[in-house]
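Visitor: I've got a structure to look at and a pile of labels to go with it. Could you walk me through how the labels are earned?

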Amino acid sequence: MLGKYFDVIVVGGGHAGTEAAHAAARMGAEVLLVTHQIETVGQMSCNPAIGGIGKSHLVKEIDALGGVMGQCADQAGIHYRILNASKGPAVRATRAQADRQLYKQAVQSFILNHERISLFQDSVEDLMIENDCVKGIITNTGVKFFCHSVVLTTGTFLGGVIHIGPTHFQGGRAGDPPSNQLAKRLRALPFRVGRLKTGTPPRLDKRTVRLDELEVQWGENPLPQLSFLKSSMPRPEQVPCYITYTNEKTHEIIRSNLSQSPLFSGNITGRGPRYCPSIEDKIHRFSEKDRHQIFVEPEGLKSVELYPSGISTSLPYAVQEQYIRSIAGFENAKITRPGYAIEYDFFDPRDLRSNLETQYIENLFFAGQINGTTGYEEAAAQGIYAGINATLKAQNKPAFFLRRDEAYLGVLIDDLRTQGAPEPYRMFTSRAEYRLLLREDNADLRLTDRAHEMGLIDKERFKQFSSKRENIAEELLRIKKLVVHPGTEQAVWVEKHLDHQLTKEYHLQELLLRPEINYEKLKGDEKLYPADLCSMVSAQVEAQVKYAGYINRQQEEIERHKKHETTKLPSDFAYDKITALSAEVREKLMQHRPETIGMASRIPGVTPAAISVLLVYLRD
Amino acid sequence: MKTYTNRATIAAIATAQGPGGIGIVRLSGAYTQKIAQNILGKAPRPRYAHYTKLVDSQGSLIDEGVLVFFKGPHSFTGEDVLEFQGHGGTFVLQSVLEYFLGQGAVLAGPGEFTQRAYLNQKMDLAQAEAVADLITAGSKTAARAAMQSLSGRFSEQVRALHDRLVELRVWVEAFIDFPEEDLEGLQFSPVAAALQGLLTDLQQFLALTQQGELITSGATAIIVGKPNAGKSSLFNTLAAEDKAIVTDIAGTTRDLIEVRIDLAGVPLKLIDTAGLREDSHDPIEKIGIERAQQALSRADLILWVKDIADKDLSFVLPHGLAAHQKQIIVYNKVDLQDNQKTHKEEDAVYISAKNSQGMDALREAMKKALGHHSNVDGLVSARHRHVQAIKQALVGVEQGINCIQMDSIELLAQSLRDAHEALGEILGKMTADEMLGKIFSTFCIGK
């Protein structure tokens with residue numbers, strides 16, 4: 001392996017790193033994945049769940065691009081929920097509780113079994129850089145590897161510091177060392193570096209928790225999938241999750257120990273996510289709430305641990321034990337691993353190009369938490385995107401780009417590049433202005449062709465997809481043609497769900513447009529709902545029909561905005577000379593150096609008036 | 001690349017043309033301070049009234065008056081500004097202006113002072129437009145409304161509606177993005193009620209904004225009817241009584257004649273299609289007819305004038321009325337008729353243009369048709385784009401109410417987003433992240 005030239009070297013074996021490596025390999029690149037420990041490749045270091053609102057949309061997109069996350073989650077999923085099931089398809093989201101061991105095994109089997117992926121266990125100490133272009137890496141033991149592109153996916157390992165109460169020590173994740181040398185090296189480059197924090201709750205010994213005292217929540221039946229691929233593997237056994245709540249006593253314990261939390265003592269300076277506050281934060285900020293929900297997640301089928309989601313903390317261990325035992329069902333609970341807060345370096349994503357390559361060092365790509373995001377799904381999404389682009393660059397092909405109206409992945413990259421990461425970035429559906437277009441159910445329709453063109457997916461997947469697409473087209477045609485005449489059996493069937501009788505004939509499509517009618521209600525009449533109609537197809541058609549009016553309007557809006565999205569701003573544009581812009585806006589534009597007017601308009605603080613000033617200058 | 005600081009120093013006469021007591025010439029730009037220094041022989045003190053004489057290169061006096069210097073950015077344009085307040089009078093002012101042009105300033109283009117103020121972010125777009133409105137105001141009412149917009153009253157009112165919409169979006173978006181959170185009090189009935197209230201207030205505000213647009217941009221009314229129905233008399237009566245501002249001198253009598261009048265605050269362009277017969281074979285008259293047709297299709301208000309003695313009662317427009325067009329049927333020459341015998345149509349107006357009988361009723365009908373209410377309190381000047389934006393917001397809110405009835409939260413969210421975006425066109429956009437920030441500060445969320 002020594003002396004071998006790789007197309008792409010991926011540093012890190014987490015969710016970003018594995019997607020990057022596997023995508024590059026699928027596209028034909030020779031890949032080296034360097035990780036400090038091969039056994040932890042594919043490890044879920046926080047809560048044992050994949051998906052959720054906004055996040056499952058990313059997983060489905062990764063899957064449509066041939067990524068591994070969805071398939072692995074389905075091989076490891078031991079409890080599924082469809083969130084927002086009672087709401088419309090655009091905001092419906094799937095979440096799987098995953099068995100940590102099964103998940104890791106699934107990821108490792110993808111990585112270890114790919115013929116073009118080589119593995120090397122060592123920490124990376126340095127990058128070889130010539131003329132602002134990366135040439136390779138040097139590991140801790142002094143081994144050099146040469147390559148075209150490097151994808152850095154170092155997660156929270158750069159300069160990581162773990163806090164538990166007043167104690168703090170260096171670490172990349174509980175039990176693992178941080179990457180200090182690399183952090184030092186990168187800090188010497190012109191990147192802007194920031195500090196963020198995140199936290200985890202204490203984990204509990206399942207055998208000491210009184211499960212019969214907790215609310216039980218069973219998962220969905222039939223089992224949903226996160227991957228579009230028809231799974232041939234047997235699905236794991238399904239187990240329940242549990243719910244309990246904090247109480248006034250818990251709050252009192254935490255309140256009287258607030259000063260011992262590094263979040264309040266001032267030991268932690270990095271910003272944490274607003275949507276994922278520690279329990280001490282919640283109690284402090286929302287003092288009027290008398291209880292907070294705890295979602296108790298199984299760690300795995302064979303695991304003896306439970307993950308109590310909702311009470312992450314950095315209080316001292318003794319306080320953790322005290323407040324845990326004040327909670328219903330946890331009276332005798334033993335903590336198996338204390339909760340902790342971790343602070344780490346991240347690089348300002350506004351310094352990245354739209355292919356996730358850094359602005360200052362050519363062929364160097366960043367993906368995952370290093371860019372200030374949080375969450376497995378956000379990391380994996382950037383991983384696949386960076387892996388694809390690192391490979392395209394090595395193959396001398398044009399970059400892969402997704403607009404905000406094409407994918408949540410496009411929203412993610414654009415948000416990072418225009419907003420930066422003032423706090424750890426997490427996806428929400430409210431971030432997507434084209435939410436009705438970017439649905440879980442149509443991620444494959446949106447992205448499979450692109451994946452196919454780039455060689456990211458195999459023949460089998462494309463065949464499955466093509467047949468689904470044909471079936472959708474046929475079904476759309478069928479409902480346009482099928483006429484329901486008043487007085488017929490079909491009319492009577494439909495009228496069961498209406499408060500009036502049909503007085504004239506309607507096409508089935510028109511009937512489906514009505515809020516009272518959906519495919520579920522057509523089931524039972526062979527003509528209205530043929531026996532061979534697959535639920536994936538009907539779901540797709542239903543969404544297209546129900547949203548048609550709004551989607552058409554959004555399409556018009558997209559066309560209108562395209563002009564701004566394609567109006568380029570020169571990279572050396574002298575914003576500092578434009579006195580018509582306020583000092584604040586000038587500084588923002590200098591920092592971001594947006595590529596287009598569209599991007600500039602999304603930078604916070606850049607006003608519509610500032611945009612018209614820029615347009616005046618571009619015209620001049 | 002050129003920058004605005006390097007741009008030329010501009011000069012223009014700031015007061016109205018024609019003789020007057022005081023005339024002002026204004027300068028803006030980097031060279032202003034130097035010019036002031038040349039005149040005063042010392043550095044000007046900002047915001048201080050320097051009494052001075054202006055003397056040309058031959059040593060003869062041009063004018064004497066007060067020179068005030070404003071140091072940028074604390075000035076109207078944000079640049080260094082100089083105002084010379086001398087004697088009014090076309091000739092004197094022209095000489096003063098030429099003096100400054102001789103000192104290195106260039107003649108300002110139309111609206112260039114306001115443009116610079118806008119580019120230097122001394123005012124937002126709505127305010128810049130209000131300045132333009134103030135200058136070109138066609139009536140006293142319009143001027144007053146422009147002044148109110150300039151003071152930010154319009155933006156304030158939009159902001160209040162905007163904030164209520166944002167509050168609703170916070171609830172709806174939280175409901176979608178955090179379905180599992182134990183969010184206290186997150187229910188739909190208050191959202192529905194609040195949306196209904198917002199709808200009512202938006203409708204009222206739209207009416208007010210449309211008024212604003214009407215008095216700012218004005219409207220066009222056209223007088224049509226058969227020959228000898230008394231169109232010209234009506235035209236002349238309206239023009240005379242409502243103080244025609246400009247009289248267009250048309251080429252031939254067969255062409256269109258127009259005047260601008262102030263109809264109780266509404267700047268109205270009134271067009272007369274005098275002497276046109278629809279069945280004419282005269283080529284010149286045919287051209288006139290064509291022009292009349294064009295004007296007809298563009299007019300906001302059509303006044304159909306008919307001789308009350310005429311038995312032919314058909315009033316049919318060649319192409320029908322467009323959606324925004326209104327018409328009033330005007331029966332003329334009632335002075336020649338025995339009133340008792342005439343059957344009155346409810347929507348029609350009965351006048352005698354000759355002796356001004358019924359003119360007040362006609363004016364009321366015109367104002368009503370144009371959507372003008374005489375209560376001008378709270379009126380703000382508005383542009384067509386403001387009206388459009390508020391209409392769009394209104395559509396969004398209306399759709400939102402439908403979506404609640406259809407029980408579709410994601411479409412409700414989309415409708416509210418559309419409405420929010422529309423108001424953002426006036427006030428500036430809010431990012432998704434700011435929206436999320438509001439959610440997080442309202443609800444305790446997170447695992």
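Guide: Sure, starting with accessibility: buried means under 20% relative accessible area, exposed means over 50%, and partly exposed is in between, using a 1.4 Å probe and protein chains only. This is a predicted model, where local features need pLDDT of at least 70, side-chain atom pairs count only at pLDDT 80 or more, and totals for chains, interfaces and linings use all residues. Residues are numbered from 1 along each chain as its sequence is written, chains are lettered from A and ligands numbered from 1 in the order in which they are written, and side-chain values use heavy atoms, leaving out hydrogens and water.

Visitor: Why is A:R210 called partly exposed?

Guide: Its relative accessible area is 33%, and partly exposed sits between under 20% and over 50%, so the label fits.

Visitor: What makes A:E213 and A:R210 a salt bridge?

Guide: The term asks for a side-chain nitrogen of Lys or Arg within 4 Å of a carboxyl oxygen of Asp or Glu. Here the N to O distance is 3.4 Å, so the pair qualifies. A:E213 is partly exposed as well, at 45%. Over all chains, the structure holds 46 salt bridges.

Visitor: Which parts does the pair A:D449 and A:R469 tie together?

Guide: The closest N and O atoms of A:D449 and A:R469 are 2.6 Å apart. A:D449 lies in helix 12 (residues 443–453) of chain A and A:R469 in helix 13 (residues 459–481) of chain A, so the bridge ties parts 20 residues apart in sequence. Helices here are DSSP runs (H or I, at least four residues), numbered from the N terminus.

Visitor: Is B:D418 buried or exposed?

Guide: B:D418 has 17% relative accessible area, and buried means under 20%, so B:D418 counts as buried. Its salt-bridge partner is A:R553, at 2.9 Å from N to O. That pair crosses between chains, from helix 12 (residues 409–427) of chain B to helix 17 (residues 535–566) of chain A. A:R553 is partly exposed, at 34%.

Visitor: How do you know that the buried residues of helix 1 of chain B line one face?

Guide: The buried residues of that helix (residues 32–40) are B:T32, B:I35, B:A36, B:I39 and B:L40. Seen down the axis of helix 1 of chain B, they fall within an arc of 125°, so they line one face. The arc is that of the directions from the helix axis to the C-beta atoms. An α-helix has 3.6 residues a turn, so residues three or four places apart point the same way.

Conventions: Helices (H or I, at least four residues) and strands (E, at least two) are DSSP runs, numbered from the N terminus.
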